[in-house]
Amino acid sequence: MYTKVEEAIHFMVKANKGQKRKNENIDKSFHSMIIYSMLREFTTTEDVLVSALLHDVINDTEYGYEEIEERFGTLVADMVSDLSEDMSITKWLDRKKNYIRRMRANYDVNVINIMLADKLHNLISNYENFLKMGDKIWKNTGGSKDENKWLYREVYGIAKSKKANDNLLNRYKEIIEVYFGEVDE
């Protein structure tokens, strides 16, 4: 019998089967494992780690809130739902603005830490690809460079104000400043 975390890994890999990361020829499941790894450095709370593994399931797979709740409980389903974007909003920038507004209103530091780890890994991946592709990368991110700059700076401001994990926050600030320039404190 699997532990809850092992079951989440199994479910997440199955849900993401055949999907690849944007700009990378790598399985989408890799991203969730990196988020899990980042959070595992400072928490052992099982529901937080499971939520980190499943954070993109509602957005990117056929599975929804109900399946997550049935398998992993209401707390995990609620955190994953909080981290999910409203995919009915078709314009990238409008969807991101909605996400940022909801994150500003969210006071669960666990959700904020998962959000920060998620965006940190996206930044790292995007930056690595930017070094190879240059400005061509913006064609595959959904938004322009300025829109991405806005998004990632907003995430930083939210995470800082909500007292996100210092190690994640410092890593995030370092990469955002390399990529987009200094952030206002």
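Let us start with one residue: lysine 20 has a relative accessible area of 44%, which makes it partly exposed. Keep in mind as you read that this is a predicted model.

**A first salt bridge**

What does the side chain of lysine 20 meet in a salt bridge? The partner is aspartate 27, with a distance of 3.1 Å from N to O. Aspartate 27 counts as partly exposed, because its relative accessibility is 44%. There is a general idea behind such pairs: side chains of opposite charge can pair when their charged atoms come close.

**More pairs of this kind**

How many salt bridges does a search of the whole structure find? The search finds nine. Here are some of them, with their N to O distances.

| Residue | Partner | Distance, N to O |
|---|---|---|
| aspartate 27 | lysine 20 | 3.1 Å |
| arginine 71 | glutamate 7 | 3.3 Å |
| aspartate 56 | lysine 28 | 3.4 Å |

Take the salt bridge of arginine 71 with glutamate 7. Arginine 71 belongs to helix H5 (residues 65–72) and glutamate 7 to helix H1 (residues 4–15), so this pair ties together parts that are 64 residues apart in sequence. Arginine 71 is partly exposed, at 40% relative accessibility, and glutamate 7 is partly exposed too, at 22%.

Now look at aspartate 56 and lysine 28, whose side chains also meet in a salt bridge. This pair links distant parts of the chain, 28 residues apart: aspartate 56 sits in the loop between H3 and helix H4 (57–60), while lysine 28 sits in the loop between H1 and H2. Are these two residues buried or exposed? Aspartate 56 is buried, with a relative accessible area of 12%. Lysine 28 is buried as well, and its relative accessible area is 12%. The cut-off for buried is under 20%. Lys28 and Asp56 also belong to a network of salt bridges that links them with Asp60.

**Two helices side by side**

Next, find helix H2 (residues 29–40) and helix H3 (residues 46–54). Their axes are 7 Å apart, and the two helices pack at an angle of about 155°. Why are H2 and H3 called roughly antiparallel? An angle over 145 degrees counts as roughly antiparallel, and theirs is about 155°, so the description fits. The crossing of H2 past H3 is right-handed.

Which residues make the contact? H2 brings Ser32, Met33, Ile35, Tyr36, Leu39 and Arg40, and H3 brings Leu49, Ala52 and Leu53. Sorted by character, the residues of this contact are seven nonpolar, one polar and one charged.

Notes: Residues numbered from 1 in each chain as written. Predicted model: local features only at pLDDT ≥ 70, side-chain atom pairs only at ≥ 80, totals over all residues. Heavy atoms only, no water. Axes fitted to C-alpha atoms, helices over the stretch in contact; angles between N-to-C directions. Helix = DSSP H or I, 4+ residues; strand = E, 2+ residues; numbered from the N terminus. Parallel < 35°, antiparallel > 145°, perpendicular 65-115°, else oblique. Left-handed = near helix turned anticlockwise from the far one by under 90°. Contact = heavy atoms within 4.5 Å. Nonpolar A, V, L, I, M, F, W, Y, C, P; charged D, E, K, R; others polar. Salt bridge = Lys/Arg side-chain N within 4 Å of Asp/Glu carboxyl O. Buried < 20%, exposed > 50% of the residue type's maximum accessible area, 1.4 Å probe, protein only.
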